[in-house]
Amino acid sequence: MVYSARVLALLLAGSIALVTGSFLSLLEGIDLSEVLVASAISFSSAYLLVFVVLEFLIFKEINKIYKLMGKLRKRELSGLSKAKSGALNPLQKINEEIFAFASLKQKEIDELKKLEAFRKEFIADVSHELKTPIFAAQGFVHTLLDGAVNDKQVRTKFLKKAAKSLDGLDALVQDLLTLSQIETGDIKMHFEQIDLRKLAEEVIDQFEEKAEKKKVRLKLQADGHDRVVAYADWQRIGQVLTNLISNAINYTPEGGEVSVSFEVSKKNVLVVVRDTGVGIPAADLPRIFERFYRVDKSRSREKGGTGLGLAIVKHILEGHSTRAEVDSTVGKGSTFSFKLTRTKANEEQ
Ligand SMILES: Nc1ncnc2c1ncn2[C@@H]1O[C@H](COP(=O)(O)OP(=O)(O)O)[C@@H](O)[C@H]1O
Ligand SMILES: [Mg+2]
């Protein structure tokens, strides 16, 4: 049996006309032609009414739903245009609901797929990064065991190298832990009014020896500011400064200069870490905040870099609703800066 609107309308209209005709014929004083005319009128109006209702309000919408389902199965959702809203027809509303629900789910699925790909890549990266120092340390230790241990000079040299690899491993695991703690929200940002000048002085103190060894001048430029107050997490911003200053020193050759300065405006403070180092090629700039992305892999490792420093910086600054800006010229130097708000009111906007 074919459930088309036309067949159903014909059947219904036929029965309505039949019933109308039979009732009319029961009345007295009515002749056959009147009964026929009345039946014909009721047949055609019933046919029209039923056909329109079925075809345009029900079948058309149901067909649309079927089509939508078919496309969903074939994942062609993007090709469908969004239905108009505000429909009175309940079926059309259902159709719209299904469409909205399906696009939401499709978006979620796409997002999950992206995350899954990201996770796989991250695990591959981490394994690779872990492998490098472990292999190196393993090699040194085995060479020592194989006899090199008897040569005093070689012994010290190899032990030092093994220790350096293990230090690198330690730094990597520390950075990974920090990153994952920030991501899972295990470390809550602890916002308060902090003095950035004091914080910068503390961080600079820690790097004084390293800078001296590398013959890089490290200085704080905060003339005219006894205190530079910002509303931020002391420890986390300390970590940001540590990473930025450590990079600046690492990637600046002998005789260069690294400076930390502040630009205070009415609502914000801009913290600027500037170096006269090797600089970053424009093509690499958009990627340096990615995990494990390095412009020069061997140079970074040799300096004890984990490739995670700037990823941590990015995460912490995101927690402060801000981001780092970089300006760099190869061979001339780099400037990393980020804005912090001065008061809580700003922060909560
Ligand atoms: N001040 C800088 N000057 C030049 N290159 C930099 C500087 N800061 C970061 N970079 C580049 O960005 C990369 C990523 O930095 P980071 O995430 O801290 O990792 P790394 O452990 O390698 O230092 C570095 O490997 C380096 O190539
Ligand atoms: Mg670094």
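**Notebook: helix H8, Asp233 and a domain interface**

I began with helix H8 and looked up what its buried residues pack against: they meet H4, H6, strand E6 (324-329) and strand E7 (333-341). A reminder to myself is that this is a predicted model.

**Entry 1: helix H8**

How many of the residues of H8 are buried? I found eight of the 11 residues in 309-319 to be buried, so the helix is largely enclosed by the rest of the structure. I wrote down the buried ones: Gly309, Leu310, Ala311, Ile312, Val313, His315, Ile316 and Leu317. I also checked what comes after the helix, and there I met Ser321, whose phi is positive, near 55°.

**Entry 2: Asp233**

Next I went to Asp233, which sits in the loop between strand E3 (229-232) and helix H6 (234-250). H6 was already in my notes as one of the elements that the buried residues of H8 pack against. Is Asp233 buried or exposed? Asp233 is buried, yet I found no salt bridge for this residue. I looked for the nearest side chain of opposite charge, and that is Arg236, 4.5 Å away. A salt bridge needs the nitrogen and the carboxyl oxygen within 4 Å, so this pair does not count.

Which residues does Asp233 touch, apart from neighbours within four places in sequence? My list reads Lys188, Met189, His190, Phe191, Ile194 and His320.

**Entry 3: where domain 2 meets domain 3**

I then stepped back to the whole chain, which is divided into domain 1 (5-81), domain 2 (115-184) and domain 3 (192-347). I chose the pair of domain 2 and domain 3, whose C-alpha centres lie 26 Å apart. In this pair, 16 residues of domain 2 are in contact with 15 residues of domain 3.

How much area is buried between the two? I noted about 1300 Å², with carbon and sulfur atoms giving 65% of it. On the domain 2 side, Glu129, Leu179 and Ile182 lose the most area to domain 3, and together they make up 38% of what that side buries.

Glu129 came up again when I turned to charges: Glu129 forms a salt bridge with Arg294, and their closest N and O atoms are 2.9 Å apart. The count of salt bridges between domain 2 and domain 3 is three. I also noted four residue pairs in polar contact across this interface.

Which helices supply the domain 2 side? Helix H3 (90-145) and helix H4 (152-184) each give at least two residues. The largest share, nine residues, comes from H4. That brought me back to my opening note, where H4 is among the elements that the buried residues of H8 pack against.

Technical notes. Residues numbered from 1 in each chain as written. Chains lettered and ligands numbered in written order. Predicted model: local features only at pLDDT ≥ 70, side-chain atom pairs only at ≥ 80, totals over all residues. Heavy atoms only, no water. Helix = DSSP H or I, 4+ residues; strand = E, 2+ residues; numbered from the N terminus. Buried < 20%, exposed > 50% of the residue type's maximum accessible area, 1.4 Å probe, protein only. Lys, Arg positive; Asp, Glu negative; His and termini not counted. Contact = heavy atoms within 4.5 Å. Domains from an automatic or database assignment. Buried area = accessible area lost by both parts, 1.4 Å probe. Polar contact = N/O pair within 3.5 Å; in protein donor to acceptor, adjacent residues only side chain to side chain.
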